[in-house]
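This report goes through one protein chain, from its overall layout to single residues. Keep the sequence and the structure in view while reading.

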Amino acid sequence: MQINVNLIKLYTFIMAKVNDPNFWEQRYKEQSIPWDIGEPAPAFVKYFSRAGEVCKPRLQNVAVLGCGKGHDAFYIASCEPRTGKEGFATRSLQNAVQVHAFDFSESAINHCNEVKEKYKVENIHFYQIDIFT
């Protein structure tokens, strides 16, 4: 089996970048985030809607790693545990799923906290941290 040295070099370069918090901060500052579709990931919504996992009363704490602008995190936080209905105003904080969302990018976390404040969401917490170190 022949090993492609250039492919290994490219992989090493990419991995060095994605593990650097500054790489992600720059993406958000420049709004160079083509993966952000402005809503929760469709596969994520489909899976949790079908499985009913988001809104089950037994689910108390959820961690969202690499939350970006928080679309998935806000989706989980907006679920009413007893009825499965979405909407921040329809559920009591006592029964709400507690969401803890993490990202490398300070700009992304600042955006999430602005949205959180705008909609007065109390059951979601954002952390700017490198979870790998």
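## Layout of the chain

Read from start to end, the chain follows the pattern α-α-α-β-α-β-α-β. That makes 5 helices and 3 strands. The model is predicted.

The chain has 133 residues, and 31% of them count as buried. Among contacts between residues at least 6 apart in sequence, 71% join residues at least 24 apart.

## The sheet

The 3 strands form an open sheet with the order β1-β2-β3 and parallel pairing. The edge strands are β1 and β3, since each of them pairs on one side only. On average, neighbouring strands of this sheet are turned by 15 degrees against each other, direction ignored. As a general point, strands of a sheet pair through backbone hydrogen bonds, and the pairing can be parallel or antiparallel.

The pairing of β1 with β2 is parallel and runs over 5 bridges. Two positions in β1 can be matched with positions in β2. V64 has A101 as its bridge partner in β2, and L65 stands opposite F102 in that strand.

## Two faces of β1, and a helix across the sheet

Which side chains of β1 point to the buried face? They are V62 and V64, which point to one face and are buried. N61, A63 and L65 point to the other face and are not buried, so the side chains alternate along the strand.

The helix α5 lies across β2 and β3. With respect to β3, α5 runs at about 160 degrees.

## The nonpolar core

In soluble globular proteins, nonpolar side chains tend to be buried together. In this model, the largest nonpolar core has 17 residues. Those with the most contacts inside the core are V64, C67, A73, I76, V99, I124 and F126. V64 is thus listed here, and V64 is also one of the buried residues of β1.

Five elements each supply at least two residues of this core: β1 (61–65), α4 (71–77), β2 (98–103), α5 (106–118) and β3 (124–128). The largest share, 5 residues, comes from α4.

## Two cysteines without a disulfide

How many disulfides does the structure hold? The number is 0. For C67, the nearest cysteine sulfur is that of C112, 4.4 Å away, and C67 is in no disulfide. C112 is likewise in no disulfide, with the sulfur of C67 as its nearest. A disulfide needs two cysteine sulfur atoms within 2.5 Å, so a separation of 4.4 Å does not meet the cut-off.

Are these two residues buried or exposed? C67 has 10% relative accessibility and therefore counts as buried. C112 has 0% relative accessibility, so C112 counts as buried too. The cut-off behind both statements is that buried means under 20% relative accessible area.

## Aromatic pairs

A pair of aromatic rings is described by the distance of the centres and the angle of the planes. A search of the whole structure finds 5 aromatic pairs. One of them joins F23 and W24: the ring centres are 5.0 Å apart and the planes stand at 85 degrees, so the pair is edge-to-face. F23 is partly exposed, with a relative accessible area of 22%. Ring pairs link F23 and W24 with Y28 and W35 into a cluster.

Another pair is made by F102 and Y127. Their ring centres are 4.9 Å apart and their planes are at 20 degrees, so this pair is stacked. F102 belongs to strand β2 and Y127 to strand β3, and the pair links distant parts of the chain, 25 residues apart. Y127 is partly exposed, with a relative accessible area of 33%.

## Two residues with positive phi

Most residues other than glycine have a negative phi. Q31 is not a glycine, yet its phi is positive, at about 55 degrees. Q31 lies in the loop between α2 (21–29) and α3 (42–51).

K120 is also a residue other than glycine with a positive phi, near 55 degrees. Where does K120 lie? K120 is in the loop between α5 and β3. K120 is exposed, with a relative accessible area of 62%.

Definitions and conventions: Residues are numbered from 1 along each chain as its sequence is written. This is a predicted model: local features need pLDDT of at least 70, side-chain atom pairs count only at pLDDT 80 or more; totals for chains, interfaces and linings use all residues. Side-chain values use heavy atoms; hydrogens and water are left out. Buried means under 20% relative accessible area, exposed over 50%, partly exposed in between (1.4 Å probe, protein chains only). A nonpolar core is a set of buried Ala, Val, Leu, Ile, Met, Phe, Trp, Tyr and Cys residues joined through side-chain atoms within 4.5 Å. Helices (H or I, at least four residues) and strands (E, at least two) are DSSP runs, numbered from the N terminus. Two strands pair if DSSP finds at least two bridges between them. Axes are lines fitted to C-alpha atoms, for helices over the stretch in contact, and angles run from 0 to 180 degrees between N-to-C directions. Contact means heavy atoms within 4.5 Å. Rings of Phe, Tyr and Trp (its six-membered ring) pair if their centres lie within 6.5 Å; planes under 30 degrees apart count as stacked, over 60 as edge-to-face and the rest as tilted.
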